[in-house]
Amino acid sequence: MAPVAGRHLVGPGAAGSPIGAPEISPPDLTSINQPPFGPSHWLGTDSQGLDVGVALLLGARTLVLVSVPATLVALLLGAAMGSAAGFLGNSGGRLPRRAAVAGGLALLGFAALAPYWTLAAAALVPATAVWWLLGRTRWGRQAWGFPIDAAVLGLATLLESVPLLILVLVAVAVQRPSLGGLVALLGLSCWTGPARLVRAATLQTVAQPYLEAARAAGIPGWQLLRRHIWPNTRHVLLVRLPLTVALLVGLETTLSFLGVGLPPDVGSWGRLLAAVRLAPTDWWLVAWPGTALVGTILSLQNIINRRIH
């Protein structure tokens, strides 16, 4: 592939990309719809003269920058929610009143200002002030009994009742396209599966006799979680990791194919696949990104099978 010159990557997104990689491959107007294996474009070009090989490399970088952080968000959130639900149950949770009021206020602010991330983050200021003011009152320092297990399962069931793609499309429609926003959205949408697995593993561990003896000995709950429960439940997350990455890879590609979620100057395999709509006879626009996508998912599936067996 001939080297191309173009606008270079800047900012934190450039850290994981090759040196000198352009954000968008500059079009070669003399080689529009060029088939593969040509002298200057080995994998061909699209109807705008963009090099398919460069687009594949940029799409792979985007795939890593989206799927890996979103997977970590989903697994960490699912681990926290599942551990709390399995360990505390419906009777062990105590929620301070000031935390409940301040948290509700912050959620309302985020929901009302979701399209504007800066203003949504500013909703934490009044919530923090309410939390501090209520902390100086006797009523605010008291705690409510909170059925954590029922709340986590109910929230997971609510999210799972809506098809994931539709849920993400609705959320993307009310926010500006951005890489960080898409990572947060995918992570917050895919935590339910890991949470259910960690909850089940936590319930199995809590039922062991040595855990009951440790509780009777007065060992604090956080020590039980750190020394006994988390070491026995983390294998669930390790098995779930490649499956979640595969799910998010497919979801990110689908969103890019539909033209939502990412800014227009960010390369993606889904956007490359969508280019075939302008030139239905250009088979290479489907063959190369399709092969890369299928190979990635099959590799992740192979990792899952090796971990299971």
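Helices in these views are DSSP runs of H or I at least four residues long, numbered from the N terminus. Welcome to a predicted model, shown here in several close-up views.

**View 1. The whole chain, as a place to start.**
The protein chain holds 13 helices and two strands. Of its 309 residues, 39% count as buried. Its accessible surface comes to about 16600 Å², and 71% of that belongs to carbon and sulfur atoms. Take the contacts between residues at least 6 apart in sequence: 67% of them join residues at least 24 apart.

**View 2. Helix α1 and the glycine that follows.**
Helix α1 spans residues 52-88. With 37 residues, α1 reaches 53 Å from its first C-alpha to its last, close to the 54 Å expected at 1.5 Å a residue. Just after α1 comes G89, with a positive phi of about 65 degrees. Within α1 you can find V64. Is V64 buried or partly exposed? V64 counts as partly exposed, because its relative accessibility is 49% and that class runs from 20% to 50%. Follow the chain 181 residues from V64 and you reach V245, yet the two C-alpha atoms are 9.4 Å apart in space.

**View 3. D149 and its contacts.**
D149 sits in helix α6, which covers residues 148-160. D149 is buried, with a relative accessible area of 10%. Which residues does D149 touch, once those up to four places away in sequence are set aside? They are A85, G89, N90 and R199. You have met G89 already, as the residue just after α1 with the positive phi.

**View 4. The largest nonpolar core.**
In soluble globular proteins, nonpolar side chains tend to be buried together. Here the largest nonpolar core has 15 residues. V66, V168, L182 and L186 have the most contacts inside this core. Two or more residues come from each of α1 (52-88), α7 (164-173), α8 (179-189) and α11 (221-258). Which of these elements gives the most? It is α8, with four residues. Look next at L182: setting aside residues up to four places away in sequence, L182 touches V66, Q175, E252, L255, G261 and L262.

**View 5. Another core, and V276 within it.**
Apart from the largest core lies another, of 14 residues, and among them are V245, W269, V276 and W284. V276 is found in the loop between α12 (269-274) and α13 (284-308). Why does V276 count as buried? Its relative accessible area is 17%, and buried means under 20%. Beyond its neighbours within four places in sequence, V276 is in contact with D282, L285 and V286. V286 is ten residues from V276 along the chain, and their C-alpha atoms are separated by 6.9 Å.

**View 6. F257 in helix α11, with an arginine over its ring.**
F257 belongs to helix α11. F257 counts as partly exposed, at 32% relative accessibility. R277 lies over the face of the F257 ring, at 5.0 Å from the ring centre. R277 is also one of the contacts of F257, alongside G270, R271, L273 and A274, when neighbours within four places in sequence are left aside. W269 is twelve residues from F257 along the chain, with 7.9 Å between the two C-alpha atoms. How many aromatic pairs does the count give? The count comes to zero aromatic pairs.

**View 7. V260 in the loop after α11.**
V260 is found in the loop between α11 and α12. V260 is partly exposed, with a relative accessible area of 25%. Where does V260 make its contacts, not counting residues up to four places away in sequence? V260 touches L169, V172 and L255. L255 also appears among the residues that L182 touches. R271 is eleven residues from V260 in sequence, and the pair are 9.6 Å apart in space, C-alpha to C-alpha. R271 appeared in the previous view too, as one of the residues in contact with F257.

Conventions: Residues are numbered from 1 along each chain as its sequence is written. This is a predicted model: local features need pLDDT of at least 70, side-chain atom pairs count only at pLDDT 80 or more; totals for chains, interfaces and linings use all residues. Side-chain values use heavy atoms; hydrogens and water are left out. A nonpolar core is a set of buried Ala, Val, Leu, Ile, Met, Phe, Trp, Tyr and Cys residues joined through side-chain atoms within 4.5 Å. Buried means under 20% relative accessible area, exposed over 50%, partly exposed in between (1.4 Å probe, protein chains only). Contact means heavy atoms within 4.5 Å. Rings of Phe, Tyr and Trp (its six-membered ring) pair if their centres lie within 6.5 Å; planes under 30 degrees apart count as stacked, over 60 as edge-to-face and the rest as tilted. A charge sits over a ring if NZ of Lys or CZ of Arg is within 6 Å of the ring centre and within 35 degrees of the ring normal. The expected span of a helix is 1.5 Å times one less than its number of residues. Accessible areas come from the Shrake-Rupley method with a 1.4 Å probe; for residues, only the protein chains shown count as cover.
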